[in-house]
Amino acid sequence: MADDSDIEGSERAVCLAPAEFVDSDHPEVQALAAQTTAGAATQQDRLRALYLAVRDGVRYDPYVDFRGAEVFRGSSVLRAQRGYCVGKAAAFAALCRAAGIPARVRFADVRNHLATENLTKSMGTDLFAWHGYTECWTGERWVKASPTFNRTLCDKLGVAPLDFDGSSDAVMQAFDTKQARFMEYVRDHGAYFDVPVKFLQAEMFAQYPHLVREGGVRGDMEQEAERERAKA
């Protein structure tokens, strides 16, 4: 009979290793992880600092070119300082691993009721398939954290930014500041050691042909949110 504690230990060890897209061995990732966690006293402090570095240091941009692999790679997203949910999840996981904290990427289908009009029209739906976020090891258990929406975008959307204390789950705000439903998790797809890029690209092409057509869709989420709030 298998020993569950051994399985869990092996899983944590695997989730410390660098991967192709969760590229924790990249020099820039390692340098940022060291700089961000300098002075952090506990693992929870390190997790919170790394989370904020990705949440607010990388602007959420759903109008990336999904045909290119770099939008899924942690180091590339950190360098660009912009990315969509999966790229930001990979960046956070890469920073965690570089800081000696096991981490992996997780996916779920979510219904987003506060997407901008342009984004919803481009996607043809408010269902975001294979939304990416991160799972981190606290030293005692796995916790979920989604660094997707940066603070300035949240301000324009009228929703409080999602905080992560490094010890409990922080996925998505359920309500906006007016208590209207904001994000709803519909289906869980589980956790992965690395980003399944070819699969995700195929899914994006199948489910959102308008978003990934030749030339892509142009937009600026923050400007769109600001204009929509001004009209409301």
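**View 1. Phenylalanine 107 and its surroundings.** Leaving aside neighbours within four places in sequence, Phe107 is in contact with Val86, Trp130, His131, Gly132, Tyr133, Asp188, His189, Gly190, Tyr192, Val195, Pro196 and Leu200. Like every view here, this one comes from a predicted model. Phe107 sits in strand β3, which covers residues 103–112. Its relative accessibility is 0%, so with a cut-off of under 20% Phe107 counts as buried. One of its partners, His131, is 24 residues away in sequence, yet the two C-alpha atoms are 5.4 Å apart in space.

**View 2. Valine 195 and the largest nonpolar core.** Stay with Val195, a contact of Phe107, and look at its own partners. Beyond its neighbours within four places in sequence, Val195 touches Phe21, Phe72, Val86, Ala90, Val105, Phe107 and Leu200. Val195 is also among the residues with the most contacts inside the largest nonpolar core, together with Phe72, Tyr84, Val86, Phe92, Cys96 and Phe164. That core has 57 residues. Helix α5 (residues 85–98) gives the largest share of this core, 10 residues. In soluble globular proteins, nonpolar side chains tend to be buried together.

**View 3. Helix α3 against helix α5.** How do these two helices pack, in angle and in distance between axes? Helix α3 (residues 43–55) meets α5 at an angle of about 145°, and their axes are 9 Å apart. The crossing is right-handed. On the α3 side, the contact is made by Leu47, Leu50, Tyr51, Val54 and Arg55, and on the α5 side by Lys88, Ala91, Phe92, Leu95 and Cys96. Sorted by class, this contact holds 8 nonpolar and 2 charged residues, with no polar ones.

**View 4. Arginine 59 in strand β1.** Here we turn to Arg59, which lies in strand β1 (residues 59–60). Is Arg59 buried, partly exposed or exposed? Its relative accessibility is 35%, so Arg59 counts as partly exposed. Setting aside neighbours within four places in sequence, Arg59 is in contact with Gln81, Arg82, Gly83, Asn150, Asp220 and Glu222. Between the C-alpha atoms of Arg59 and Leu78, 19 residues apart in sequence, the distance is 9.7 Å.

**View 5. The whole chain, for orientation.** To place the close-ups, step back to the protein chain, with its 9 helices and 6 strands. Of its 232 residues, 48% are buried. Among contacts between residues at least 6 apart in sequence, 70% join residues at least 24 apart. The chain exposes about 10800 Å², and carbon and sulfur atoms supply 49% of that area.

How values were computed
Residues are numbered from 1 along each chain as its sequence is written. This is a predicted model: local features need pLDDT of at least 70, side-chain atom pairs count only at pLDDT 80 or more; totals for chains, interfaces and linings use all residues. Side-chain values use heavy atoms; hydrogens and water are left out. A nonpolar core is a set of buried Ala, Val, Leu, Ile, Met, Phe, Trp, Tyr and Cys residues joined through side-chain atoms within 4.5 Å. Buried means under 20% relative accessible area, exposed over 50%, partly exposed in between (1.4 Å probe, protein chains only). Helices (H or I, at least four residues) and strands (E, at least two) are DSSP runs, numbered from the N terminus. Contact means heavy atoms within 4.5 Å. Axes are lines fitted to C-alpha atoms, for helices over the stretch in contact, and angles run from 0 to 180 degrees between N-to-C directions. A crossing is left-handed if the near helix is turned anticlockwise from the far one by less than a right angle, and right-handed if clockwise. Ala, Val, Leu, Ile, Met, Phe, Trp, Tyr, Cys and Pro count as nonpolar, Asp, Glu, Lys and Arg as charged, and the others, Gly among them, as polar. Accessible areas come from the Shrake-Rupley method with a 1.4 Å probe; for residues, only the protein chains shown count as cover.
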